[in-house]
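Here's a walk through a two-chain model, written for someone who'd rather look than read tables. Keep the viewer open and follow along.

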Amino acid sequence: MSAATGGTAYDHAWVMAEAEKLTAAGATVPRRGRDPVNQPMINNWLEAMGNTNPRFTAGEAPPSMAQVWTMKGLNPPSELFDPLHAMMGKLTEAGFTGVLGTNCTQHYDRTLKVGEEVAVTTELESVVGPKATGVGEGYFVTSRNVWRVDGEQVATMTFRVLKFKPAPRKPVAEPAETPFVLHPIRDRDTEFFWDGTSVGELRIQTCESCGVLRHPPGPTCPSCLELARGYVVASGRGTVFSYVVHRHPPIPGHELPIVLALVDLEEGVRMVATVDGIAPERLEIGMPVEVGFRRIDDTLTLPVWRPVGGISVVEDAEPSVVEDAESSVVEEAEEPGHFETTPEPGQLLPIWGLHITPTLVVSTALATRDFQDVHHDAELARSYGSRDIFVNILTTNGLVERYVTDHLGHDVQVRSIAIRLGAPAYPGDELTFSGTVASVEGDTVVIDVVGTVSRDEEDGALSIASHVTGQVTIEIESGDPS
Amino acid sequence: MSGLSGRAAIAGIGATEFSKESGRSELRLSVEAIKAALTDCGLTPADVDGLVTFTMDTSSEIAVARELGIGELRFFSRINYGGGAACGTVQQAAMAVATGVADVVVVYRGFNERSGQRFGQTAVWASAQVNTNGLDNAWTYPHGLTTPAATVAMQARRYMHEYGATSEDFGRVAVADRRHAATNPAAFFHGKPITLEDHQASRMIADPLHLLDCCQESDGAVALVVTSAERARDLAQPPAYVVAAAQGCAPDQFVMTSYYRDDIGVPEMGVVGRELWRQSGLGPADVATAVLYDHFTPYVLMQLEELGFCGRGEGPGFVADGGIELGGHLPVNTHGGQLGEAYIHGMNGIAEAVRQVRGTSVNQVIGVDGAGGPSGTTNALVTAGTGVPTSGLILGRTPRAGG
């Protein structure tokens, strides 16, 4: 008994016909922001993002704030037509109820100035699908925004979302298959090493008699056969002797690929650990690294290698507040504001770690005038199946901008930020940014940026996922040509 | 020449089929292989008074003896360190028969390594064992460095850096193995040769190792009958004399993770090689064909160097232009190796060396006109697991050097 209903058939043809109509409609009429570019909103944004660039207290607006000026606010007038939202509504009607931001590329023609009135136009660029994706079958909807001041284009954005039919959840894995980090066997001879990692020390066995250092440790000194041992705390600095990018099969407690390096420490011993914060293809033998520590659970903290320049902190179960994470970055980072040397392809930016708190999620969402409930109302967010409230896309953009300009100089001009979005960043997560200079052409420098989120799961496992990957294009000697 | 050289021989060989799912117990596989090996040389279980296997084997000597109705055992022993045990089991047997401790010793290895516990996966037990091996693994396993492929890849990457070796150089080993397997009906990859392009296109497992750099995972068993040289001459098959049998480990030795030496590599195979040459009075030029343990291709290059077939860093040149294929200067793994025939922890390679000495290999080298090297030698060299404490054999058609 499968008689066709008399109503609309919400099939692919219908979706594409609706898409065709909305695409053909072209760009909307310009819509002005509620307020002109103004210092109080900039100040709120700077405070929430932790951005200390002095240019933005002297009349310029941060480039990645472009979208903020025309956000529709808490109570958008219902008559406002927006082809992106119209298309999303059609797809919801057709059963594609889920939504996921996937890509966002913003170009900045120039910096906005306090007092300027910004207007936006939006058009639907394309609807592509249906595609089978990890979250379910769906359509990729791409829209394009253009921001203008008195008719002059100042910024653009291509934004892509996936509208999908949520796939039925996979059955929960058997407990035996739950990922976990294999814990080391330890005994009287090796305990000191693991005691050390738990307090943020990389300890190397030393012979109390002849002073020879040794790793891995053992009960004797193989050089003089004396049994009296002590340890020294390593500087944590070393160079890559060899490395592996493990892609198959899956390993308990780790996300693939696993980047592993055998490192010659400057004290003269060699040690294995994973490498954090670097794209596998950037790793090479001889590269300097330094140690960091990853807490797995109450009994285990593992050393990890990081490209030199990163911060070395114990990621504790009760992490320090945001301000602490920031201050350690400021101490470690080269003084922002100017370039000492011309960047070179392959050059690494220092690692920047940020602890995500509910306050950070909410304050940045509001400072970017994004009032979607998933960014401030935990109960509602959970009712939608989310773990918690999560960082909004405008904030990810803002943090990417801050990461690059904090490390490459406050006087560089950000020309574009193109990001691909991955796992959400929830309160409790550590958001860790790493960057590599991808290319240098004249004054134009392109930086690959990766932001990963890591968190301690309740069962003691550490989960790590990509939150954002992308490219930031900057000009290093511009200033604003105005 | 040592007191062991030429005193013992491998008289019989036996094996099950090699598969991905045997459908039988590991004990049964070993029993089947032992029955075949005894039949091969015309002996019966009643003749057997010694059994040797790997420490890792799940079938004890007494369980095997019960199944085969073997009454009394006078000698039983096991060798540790995974595949490094392979030739060591034969050394144990040879020493036992050479000294009169036993008359007929059977060495065996049987497992469902594909359908049962797969070695290519993380061995959780290996990191949880409360002994020094478990303590050793504490320095790698928690970080996610657990699989044999990844531990070898760490060495392979450094080898590439030091000597300019490339993934293609590793691939030439796989191409040679698969060429030989293609003509071996017992090989899992019978009739399926590969090209270097296939190797390069195969997916990355543990960069720089591709899938086709890694041996198979297999179910099966192999058994060998070892007896004195004198007795072997009276049996059904021509003896494969144990011209030399050696074990080796090197300073600062670990299992798969000997990463803390100044110069990493497989110096333990150098220890084995020097002992093989010392016992036999032979040298690399006296070897017609070799079965080099090939769980992962990079270690074949390093073994060629450690054994003196070429100089340090010259492995890539040695395997170029079909150097280790049939017709090359040293045909290697004429049965197809563990990449092509099956992964039976090196024991199927010893059986192939026996066939080469007998003249019954499907890719015969020894004794073939124009083959077997310029000296017309009749010796085959076999190695066991690499990256671990290991072992090696020289088997010959004549009991003493110069044969």
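Which residue stands opposite L393(B) in β11(B)? That's A245(B). Keep in mind that the model is predicted.

A245(B) is a good way into strand β8 (residues 240–248) of chain B, which is joined to β11(B) by 7 bridges, the two running antiparallel. On to β10 (residues 379–383) of chain B: 5 bridges join this strand to β11 (residues 390–396) of chain B, and here too the strands run antiparallel. Within that pairing, L381(B) has I394(B) as its bridge partner, and A380(B) stands opposite L395(B). As background, strands of a sheet pair through backbone hydrogen bonds, either parallel or antiparallel.

Here are the opposite positions along β11(B) in one place:

| Residue in β11(B) | Residue across from it |
|---|---|
| L393(B) | A245(B) |
| I394(B) | L381(B) |
| L395(B) | A380(B) |

Now for the link between β10(B) and β11(B). Their hairpin has 6 residues between the strands, and G387(B) takes a positive phi near 85 degrees there.

How many residues of β11(B) are buried? The count is 7 of the 7, so the strand is largely enclosed by the rest of the structure. Both faces are covered: T390(B), G392(B), I394(B) and G396(B) are buried on one side, while S391(B), L393(B) and L395(B) are buried on the other.

Zoom out and you'll see the sheet these strands belong to. It's an open sheet of 9 strands in chain B with mixed pairing, in the order β3-β2-β4-β7-β1-β8-β11-β10-β9. At the edges stand β3 (75–79) and β9 (287–291) of chain B; each has a single partner strand, so one side of each is left without a neighbour in the sheet. On average, neighbouring strands of this sheet are turned by 30 degrees against each other, direction ignored. Helix α1 (residues 26–41) of chain B packs on the sheet, where α1 touches β1 (8–15), β4 (104–112) and β7 (219–228) of chain B. The direction of this helix makes about 125 degrees with that of β1(B).

L381(B) turns up again in the packing. The largest nonpolar core has 115 residues, and L202(A), L265(A), W305(A), L304(B), F309(B) and L381(B) touch the most other members. Helix α6 (residues 148–163) of chain B gives the largest share of this core, 8 residues. Leaving aside residues up to four places away in sequence, L202(A) touches several residues, including F193(A), V232(A), L265(A), M271(A), F293(A) and W305(A). Another core, of 74 residues, lies apart from that one; among its members are L22(A), L46(A), C104(A) and V400(A).

Over in chain A, there are 8 helices and 19 strands. Of the 482 residues of chain A, 50% count as buried. Chain A exposes about 21,600 Å², with carbon and sulfur atoms supplying 52% of it.

Finally, the place where the chains meet. The contact takes 37 residues from chain B and 38 residues from chain A. About 3,200 Å² is buried between the two chains, and carbon and sulfur atoms give 68% of that area. Which three residues supply more of the area that chain B buries against chain A than any other three? They're W139(B), P142(B) and H143(B), supplying 25% of it.

Notes:
Residues numbered from 1 in each chain as written. Chains lettered and ligands numbered in written order. Predicted model: local features only at pLDDT ≥ 70, side-chain atom pairs only at ≥ 80, totals over all residues. Heavy atoms only, no water. Pairing = 2+ DSSP bridges. Helix = DSSP H or I, 4+ residues; strand = E, 2+ residues; numbered from the N terminus. Axes fitted to C-alpha atoms, helices over the stretch in contact; angles between N-to-C directions. Contact = heavy atoms within 4.5 Å. Buried < 20%, exposed > 50% of the residue type's maximum accessible area, 1.4 Å probe, protein only. Areas by Shrake-Rupley, 256 points an atom, 1.4 Å probe, with all protein chains shown as cover. Core = buried A, V, L, I, M, F, W, Y, C linked by side-chain atoms within 4.5 Å. Buried area = accessible area lost by both parts, 1.4 Å probe.
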